[in-house]
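Please open the structure in a viewer and keep the sequence panel visible. The tour below proceeds by selection, one stop after another.

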Amino acid sequence: MAGKRKVVDARQDHEGNISHVRLEGNRNFTDVNKAIEIAKRGGLENAHAVKKKDGGEYLRTNPDGRSGNNLDEMAQD
């Protein structure tokens, strides 16, 4: 897919779960469920969708040995 997007920031809900991400070039945050759908289509450069044992899904940044670009770390800023 041409023009893959990059996750550059994240927000948590009141329970500490990632609820929104901001994609490079966007001013506004995107609901994490929409970002999961984008990732499943191969549209994210630095993140992918993961299926949980209970059938749900979540978004995870691609491993690169750095912690500062993980979604939980982004949400702490």
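**First stop: a charge and a ring.** Select Arg11 and Phe29 and display their side chains. In this predicted model, the charged end of Arg11 is placed over the ring of Phe29, at 3.9 Å from the centre of that ring. If the search is then turned to pairs of aromatic rings, the count is 0.

**Second stop: the whole chain.** Return to a cartoon view of the protein chain. It contains 2 helices and 5 strands, and when read from the N terminus the order of these elements is β-β-β-α-β-β-α. The radius of gyration is 12 Å, close to the 11 Å that the globule rule gives for 77 residues, so the chain is as compact as a globular protein of that length. Along the principal axes, the C-alpha atoms occupy a box of roughly 35 × 30 × 25 Å. Buried residues make up 30% of the 77 in the chain. Among contacts with a separation of 6 or more, 28% are between residues 24 or more positions apart.

**Third stop: helix α1.** Select residues 32-40, which form helix α1. Which residues of this helix are buried? They are Val32, Ala35, Ile36, Ile38 and Ala39. Because these residues cover an arc of only 160 degrees around the axis, they lie on the same side of α1. Now add the strands β2 (18-23), β3 (30-31), β4 (47-51) and β5 (57-61) to the selection; the buried residues of α1 pack against these strands.

**Fourth stop: Asp31, at the start of α1.** Select Asp31, a residue of strand β3. Is Asp31 buried, partly exposed or exposed? With a relative accessibility of 33%, Asp31 counts as partly exposed. At the start of α1, one of the side-chain oxygens of Asp31 comes to within 2.8 Å of the backbone nitrogen of Asn33. Beyond its neighbours within four places in sequence, Asp31 makes contact with Ser19 and His20. For a sense of scale, draw a distance from the C-alpha atom of Asp31 to that of Ala47: these two residues are 16 apart along the chain, and the separation is 14 Å.

**Fifth stop: Ala39 and the residue after the helix.** Move along α1 to Ala39, which belongs to this helix. Ala39 has a relative accessible area of 12% and is therefore buried. Which residues surround Ala39, once neighbours within four places in sequence are set aside? Its contacts are Leu44, Ala47, His48, Ala49 and Leu59. The C-alpha atoms of Ala39 and Asp77 stand 23 Å apart, with their positions 38 residues apart along the chain. Next select Gly42, just after α1, where phi is positive, at about 80 degrees.

**Last stop: Asn69 in a loop.** Finally, select Asn69, which is located in the loop between β5 and α2 (71-76). Is this loop residue, Asn69, buried or exposed? Its relative accessible area is 18%; since the limit for buried is under 20%, Asn69 is buried. Show the side chains of Asn69 and Asp64: a polar contact of 2.6 Å joins them. With residues up to four places away in sequence left out, Asn69 touches Thr61, Asp64 and Met74.

How values were computed: Residues numbered from 1 in each chain as written. Predicted model: local features only at pLDDT ≥ 70, side-chain atom pairs only at ≥ 80, totals over all residues. Heavy atoms only, no water. Buried < 20%, exposed > 50% of the residue type's maximum accessible area, 1.4 Å probe, protein only. Helix = DSSP H or I, 4+ residues; strand = E, 2+ residues; numbered from the N terminus. Arc of directions from axis to C-beta. Contact = heavy atoms within 4.5 Å. Polar contact = N/O pair within 3.5 Å; in protein donor to acceptor, adjacent residues only side chain to side chain. Phe/Tyr/Trp six-rings, centres within 6.5 Å; stacked < 30°, edge-to-face > 60°. Lys NZ or Arg CZ within 6 Å of the ring centre and 35° of its normal. Rg over C-alpha atoms; globule rule 2.2 N^0.38 Å.
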